[in-house]
Amino acid sequence: MNKTLKMYRQAARFPGGKWLFSRALACRAPYFATIHPKILSLDTGRSEVQIKDRRSIRNHLGTVNAGALCTLSELAGGLAVDASIPGGLRWIPKKMEVTYLKKARGVLTGTCQVEPDILIPGDVGVDVDISDTSSATVLRARIHFYISRKPVFETNSNDM
């Protein structure tokens, strides 16, 4: 089991553990703190992340800003990939295609499902949907991740 998923499962067992995990994640990747995410669920092949509509992430129309929605998409997609990727591989987002379907207001939930079998070296596309409290999809994103092997560092005992 990978490190992120293991930490989530350990934290989720305790009252306030999901909240604490969400805060720790925002410390690890500080930009995500701007949307105040709450990780609702995380498992192999699936993540669910929620944000609340706040003044600081609204645009001039009074709806949630496109940047905040993209940040939520990247977080949900990245978590699903991270929780599912085989050991020895790493990932980084490469490209995102976004379709805005409806004005985003209120509590929003980003959901990503990925088949772990597709997570092999190369470019991999992952879909993320963001829905509102009425379960209407407000945004659909396709995130392309570049997956590569982690470098193997060899230590020569004579160099020490």
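Is Phe-145 buried or exposed? In this predicted model, Phe-145 is buried, with a relative accessible area of 0%. Let us keep that residue in mind and come back to it after a look at the helices.

A good place to begin is helix α3, which runs over residues 66-84. Its 19 residues reach 27 Å from the first C-alpha to the last, close to the 27 Å expected at 1.5 Å a residue. Of those 19 residues, 16 are buried, so α3 is largely enclosed by the rest of the structure. Look also at the start of α3, where a side-chain oxygen of Asn-65 comes to within 2.5 Å of the backbone nitrogen of Gly-67.

Now for the aromatic rings. A pair of rings is described by the distance of the centres and the angle of the planes. The structure has two aromatic pairs. In one of them, the ring centres of Tyr-8 and Phe-21 are 5.3 Å apart and the planes stand at 80°, so this pair is edge-to-face. Tyr-8 belongs to helix α1 (residues 3-12) and Phe-21 to helix α2 (residues 17-28), so the pair ties together parts that are 13 residues apart in sequence. Tyr-8 is buried at 5% relative accessible area, and Phe-21 is buried with a value of 5%.

The pair of Trp-91 and Phe-145 brings us back to our opening residue. Here the ring centres lie 5.4 Å apart with the planes at 80°, so this pair is edge-to-face. Trp-91 sits in strand β3 (residues 89-100) and Phe-145 in strand β6 (residues 137-149), so the contact ties together parts that are 54 residues apart in sequence. While Phe-145 is buried, Trp-91 is partly exposed, with a relative accessible area of 27%.

Conventions:
Residues are numbered from 1 along each chain as its sequence is written. This is a predicted model: local features need pLDDT of at least 70, side-chain atom pairs count only at pLDDT 80 or more; totals for chains, interfaces and linings use all residues. Side-chain values use heavy atoms; hydrogens and water are left out. Helices (H or I, at least four residues) and strands (E, at least two) are DSSP runs, numbered from the N terminus. The expected span of a helix is 1.5 Å times one less than its number of residues. Buried means under 20% relative accessible area, exposed over 50%, partly exposed in between (1.4 Å probe, protein chains only). A polar contact is a pair of N or O atoms within 3.5 Å; within protein, one must be able to donate a hydrogen and the other to accept it, and residues adjacent in sequence count only if both atoms are side-chain atoms. Rings of Phe, Tyr and Trp (its six-membered ring) pair if their centres lie within 6.5 Å; planes under 30 degrees apart count as stacked, over 60 as edge-to-face and the rest as tilted.
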